[in-house]
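Dear colleague,

Please find below the structure for your review. My notes on it follow.

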Amino acid sequence: MGDKVGVFICHCGGNISKYINMEELTKYALTLENVPVAENYIFMCSEAGQDLIKDKIAEYNLDRVVVASCSPKFHEPTFRRTLQETGLNPYYLAMANIREHCSFPHSDEPDKALQKAKDLVRGAVARAKTLEPIEKKKQIMNKDVLVVGAGIAGIQASLDLADAGFKVYLVEKDASIGGNMPKVLKTFPTDDCAMCTVSPKMNEVAAHKNIEILSYAELRECNGSMGNFEVVVEKKARLVDERKCVGCGDCMAKCPSKTADDYNQIGQRKAIYIPFPNALPKVATIDTSVCLQITKGKCGVCKKICPADAVDYEQKSQMVKLNVGAIIVATGYKEYDPSIKGNYGYGRYPNIITQMQLARMMDPNGPTEGKIIRPSDNKEPKRIVMVQCMGSRDDKPTGRKYCSRVCCMIALKHANLLKRDCIKDSQIDICYMDIRAFGKGYEEYYQRVQDLGVRLTRGRPGEIIGTDDGSNNLIVRVEDTFTKEFKEIESEMVVLSCATDPSDGTKEVAKVLGIATDDGGFIKEFHPKLRPVDTSVEGIFVAGAAQGPKDIPDAVAQASGAAARTMALLSSDIAEISLDKALVNKEECKGCDICEKTCPFDAITMVDLPEGRKAVVSEALCHGCGMCAANCPTGAMQLRHYKDNQVLAEVGALIGSH
Amino acid sequence: MSDFEPKIITFCCNYCSYVAADTAGTRKEHYPANVELLRLPCSGKVDILYILEAFNKGVDGVLVTGCRKEQCHFMEGNYKAEAKVMFLKDILDEIGFGGNRLHVQFMSAGEPDEFVRAVTDMTARIKELGPNPVENKK
Amino acid sequence: MRKSELLVEVAKNIGIKGTINVPDGLWGYGKIKYDEGKCIGCSKCEVNCSEGAISFERIFDLPKIYEAEKSDGSLKKDRIVALIKSLTLKKPKNPINVPELVEGYGNVKIDLDKCIGCGNCQRYCTGKALKVEKILEIGGGN
């Protein structure tokens, strides 16, 4: 039990002190039992503020510390370090969140804000007195890294790490590495060839002695903690032996079964396929959902024709166990499916396509060999309308609230390429809400596109309807919000600039790793400004569009950032794991097995000891959720730092009637 | 309406509602000042003991907040919290204390509006119910 | 006829009246008694009863808990029951259903006709709520 608690109240440069009377609060803190000293200061998190805490700890021989300031989400680690530097256990700190939970929301009621601040400080002091030291367990740091997702972000992070000498396992869900970048043809604002940029990087990854690629593989399980993760990756069965296949494509030519091309998003591909000519590894994969040999048991054409004898219908998926010290999630994005919203008739009118489909058409190696043709009659459209913010900046349940950040530039890039290269005599209209050309060289690009004669109409189209003359043309109805004029723009093809969604893999991987996501489903960063590549779990980092919509330069920069953070972590030989985990009091445990049944991570095992059946917690597997403790009928199972007496002390003090 | 100011304890999950409350604060969203927040690692850590102890100490209402379904950081803590709250609500109804002084609300870290709505609604509900009936008798 | 019933018959025949205390270490005689106040709801008794005499119901029998003997109050569950009692404004009449995912609460139902007094439930009972009463009632006066 702590009996000398120091209370340190932060003004936050006015953010708190403007609304809460600091002197009153300090005086009040001093009236609390076992509080010999209470101080307030303009910035407690500053060096001077921390020095003040250290001085008072020494002067009053304090054994517990309360800091009343901003949310512990920001500075709990800072103040824990402060305590540690004085020799106190870092877990002897309790925080009262008097900024986010008090001065900010109650800025209109200073009296009530002061009263609540007193309650919060009283609660924190009561809690502080009950706090117990928690030590750290030291383990040897595993220096290998798992990178999940081999798009441009995953590739960049892997190369940075591998160049620095770290062993990298690069896991990719799809048949080829590369992600979305190879699909986009050209990149803004320089209009250089995306494939020419990414392909050498893909080759570099494949050739790197420190990188092992696991393609057509998915993350299935993850246990352990920072420094010692144990992961299970499922290498799915391609039904083609990767070592034998030479990527000649003979099988694709002869395969009789076709299905929608999920790589190009237009046209069809064969059941046995190599997604694109520069695919890596350049090996064929059999799509078991449409392969006749698999679904009907008869065909076998690919096996007969394969000159390398690589086709193996009996191949099974393989579970690969890996031990790594850190993980980078770079699972990327997918284009929002405009049929979710359904308002513009995507899927109903053949001549409405998405920007990604247009990009695939422009690609000389793509499904139309670079020809821009509208789906209804394969004719070249001369009048094209692009509609921005399809699904973005839309707070309806079917929409996405956020700005997808890249669609304005994608539309401008495509308008530019159409006018200059593909269909020089075309008329391009872009209907937009705002053009966001924020990156380096982007605004200049926007100007150049306008100079080409691309027409921009500020307004979100109300509807798109088909003409009834059999032409399959479309009429886009839009109000120009500058001129207040209603326009009906007739076009031969409409291109939707769709929102950016987290990839399906992003959601799955977040679940397996137990890392938090935001309301858009993207990986949530630990701190939006100060720790933008850290996730909610120590030792797991995020890079690229898995964290939120971003363009290629930002994704690459963030990937290098995540790689650097990983290297900083792995530069230490020892992984320190905080033991704020569940703990069994063996004397009180009656061996009822309820905790074992409750634990979602299988961290508890029941052991028959001479003194009876007892629960045992694995510190490596325990995530510290405390569900076992909440279900324990005897009170033997406790979560360190949130023991019943610690929580109840705070509950009682917050209510304050006793 | 009386000038009764209910005292409400909100148990917050470290990963969702606590963050939602932080964001609500940062956005200077106003909500009643009589709501006290207590941070737990997961809503699944909410113990029937804590809720009963809070009522026994005289609190007028208890709000348990956790992650949206399928979003729990620890897989199913929110479901467990909901089950406990439902169970305890039945008990509190049966003993005449009133299960409607206890409420569970799910929200994600990105939903500060949901947090503000939850605590505002809770305060209104408890104002209508009046003070803690046992505390009142004491 | 079960061993215990046979014994009662024999005792009656040779003129023993009242009750017989069954010595420690001798199993197979006597009947189980359930103390709801001590039960921590682990349901192990049900699993370990070879005769299928015990069924564990997901019911928290509040009225019975109120009547039950007070336990020593050392368990968290005891504190919870004490708090429920102190918040009571009217005496509970109905048992409460225990939802899925809530553990540690339940009610044990015993079919005494099936019980053979083997004592397995007592050995497995984590809350010491089940006990074989080692007394044989012979009947026929005291």
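How many residue pairs are in polar contact across the interface of chain B and chain C? The rule finds 7 such pairs, both residues being at pLDDT 80 or more; a polar contact is a pair of N or O atoms within 3.5 Å, where within protein one must be able to donate a hydrogen and the other to accept it, and residues adjacent in sequence count only if both atoms are side-chain atoms.

This is a predicted model, in which local features need pLDDT of at least 70, side-chain atom pairs count only at pLDDT 80 or more, and totals for chains, interfaces and linings use all residues. Residues are numbered from 1 along each chain as its sequence is written, chains are lettered from A and ligands numbered from 1 in the order in which they are written, and side-chain values use heavy atoms, with hydrogens and water left out.

The same interface holds 1 salt bridge (a side-chain nitrogen of Lys or Arg within 4 Å of a carboxyl oxygen of Asp or Glu). B:D47 pairs with C:K76 in a salt bridge, and their closest N and O atoms are 2.7 Å apart.

In total, 23 residues of chain B are in contact (heavy atoms within 4.5 Å) with 25 residues of chain C. Of the area that chain B buries against chain C (accessible area lost on being put together, 1.4 Å probe), 33% comes from B:F87, B:E94 and B:I95, more than from any other three residues.

Yours sincerely

Conventions. Buried area = accessible area lost by both parts, 1.4 Å probe.
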